[in-house]
Amino acid sequence: MSDTDIRVVTGPANYFSFPGAIDRLSDFYMPEQLDKALWIYGERALVAAQDYLPDAFSASQARRVLFKAHCSETEVQRIADIGGGDRQVVIGIGGGAVLDTAKVVARRLGLPVVAVPTIAATCAAWTPLSVWYNDEGQALRYEIFNDANHLVLIEPRIILAAPKEYLLAGIGDTLAKWYEAVVLSPQPETLPLTVQLGLNTALTIRDVLLSQSEAALQALADNQLTQSFLNVLDAIIAGSGLVGGLGDRYTRIAAAHSVHNGLTALPQTDAFLHGTKVAYGILVQSALLSQPEVVRQLKALYRVLDLPVSLAELNVDIHDEKQIARLIERTLQKGESIHLLPGYPDAKQLRLALEFVERK
């Protein structure tokens, strides 16, 4: 395989995002198929989505499984065992961990997967990829699937009613698409056109988030389905997933996600969502790349939006040598995407970058 051989999976086979979208489920699956559905859901997600779910959710032969923990081997196997061998479709209702688990379970059972996101914190509904964790919640690895997700059904009224921190996390995670992709593709003119299209998409959604995130958060506070809210929602779920689907390894993850993974080694950060920690990781990556203006620009935006601009805001003490050593060690673990940065940052450089973010 050459350096420019890439696999393009632009997105799910079908994507619907508008009030009433969940009703399209019956356009793709017959009643007898939905009677044999395996529904996987989070407890709070089910409460949020209950009023919008079709009657098929309550079918007597359907199997409904409450997701309990992380997308871990233990949880995946538990749910796959409940599914058994006679299901027709897997339908996930919830956030990223639920949907990642539903995607893995569907592949194990050889079934199509339907994603019904109840928050806009990640692009999990769109992307044929799952993030694996251990039972303690520490990030382990990514698994990219050979096939696209079959159906994504977004009911924006559900997401409008979700807590603010989920939308904030989605904004943080999606901003990283541009800042990480541009590192991975420093000479895009030498790469396939699809990579360039991915970069252009990343730039477009970055600009949407920089200019419309504040208005989208205000719409959420006002419980109003405004165009800014819908734009940010689709930027997070569709735009973010499309970037990686077009550019493959040239538009996926770099240092910001490694910093997130490093933070998962500190239990006190468990209270913060994936995208919130990734948002902080963009600051550290920008410091590693000697981009003080980017750090300043993003910190100004983060303060308006209420994203973290320091380790202290993630319950981490920059002066606690044991904590910082653990963070640095996990961030620089062998195989982590931070090593894709120019110069292959070492522990000293990472420590300096952490300190720079704290000061600026």
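This note goes through the overall build of the chain, its charges, and a few residues in its helices.

1. Basis. This is a predicted model, in which local features need pLDDT of at least 70 and side-chain atom pairs count only at pLDDT 80 or more, while totals for chains, interfaces and linings use all residues. Residues are numbered from 1 along each chain as its sequence is written, and side-chain values use heavy atoms, with hydrogens and water left out.

2. Secondary structure. The chain holds 14 helices and eight strands. Both are DSSP runs numbered from the N terminus: helices are H or I with at least four residues, strands are E with at least two.

3. Overall dimensions. The radius of gyration of the chain is 20 Å, which agrees with the value near 21 Å for a compact globule of 360 residues. That radius is taken over C-alpha atoms, and the globule rule is 2.2 Å times the number of residues to the power 0.38. Along its principal axes, the C-alpha trace spans about 60 × 45 × 40 Å.

4. Burial and surface. Of the 360 residues, 56% are buried. Here buried means under 20% relative accessible area, exposed means over 50%, and partly exposed lies in between (1.4 Å probe, protein chains only). The exposed area of the chain is about 15100 Å², with 52% of it supplied by carbon and sulfur atoms. Accessible areas come from the Shrake-Rupley method with a 1.4 Å probe; for residues, only the protein chains shown count as cover.

5. Contacts along the sequence. Take the contacts between residues at least 6 apart in sequence: 75% of them join residues at least 24 apart. A contact means heavy atoms within 4.5 Å.

6. Charge balance. There are 31 positive and 40 negative side chains, and the centres of the two sets lie 3 Å apart. Lys and Arg count as positive and Asp and Glu as negative; His and the chain ends are not counted. The place of a charge is taken as NZ of Lys, CZ of Arg, CG of Asp or CD of Glu.

7. Salt bridges. Side chains of opposite charge can pair when their charged atoms come close. A search of the whole structure gives 16 salt bridges, each defined as a side-chain nitrogen of Lys or Arg within 4 Å of a carboxyl oxygen of Asp or Glu. One of them joins aspartate 27 to arginine 24 at 2.4 Å, N to O; arginine 24 is partly exposed at 29% relative accessibility. Lys36, Arg63, Asp86 and Arg87 are linked in a salt-bridge network.

8. Helix α4. Glutamate 75 and arginine 78 lie in helix α4 (residues 73-83), three residues apart, about one turn of the helix. They form a salt bridge whose closest N and O atoms are 2.9 Å apart. Glutamate 75 is buried, because its relative accessible area is 5%, whereas arginine 78 is partly exposed at 24%.

9. Helix α12. Glutamate 293 and arginine 296, both in helix α12 (residues 292-305), are also placed three residues apart, about one turn of the helix. Their side chains meet in a salt bridge at 2.6 Å, N to O. Glutamate 293 is exposed at 54% relative accessible area, and arginine 296 is partly exposed at 36%.

10. Lysine 277. This residue lies in helix α11 (residues 274-288). Lysine 277 is buried yet has no salt bridge, and the nearest side chain of opposite charge, aspartate 270, is 5.0 Å away. Beyond neighbours within four places in sequence, lysine 277 is in contact with residues including His260, Thr264, Asp270 and Leu314. A reviewer may want to look at this site in the model.

11. Valine 278 and serine 286. Valine 278 is also in helix α11 and is buried, with a relative accessible area of 0%. Its C-alpha atom is 9.9 Å from that of isoleucine 171, and the two residues are 107 apart along the chain. Leaving aside neighbours within four places, valine 278 contacts Gly172, Asp173, Ala176, Ala256, His257 and His260. Serine 286 lies in helix α11 and is buried at 1%; not counting residues up to four places away, serine 286 touches Gln291, Val294 and Val295.

12. Valine 357. Helix α14 (residues 347-359) contains valine 357, which counts as buried at 0% relative accessibility. Valine 357 and arginine 296 are 61 residues apart in sequence and 9.1 Å apart in space, C-alpha to C-alpha. Not counting residues up to four places away, valine 357 touches Tyr280, Leu283, Val284, Ala287, Lys299 and Val309.
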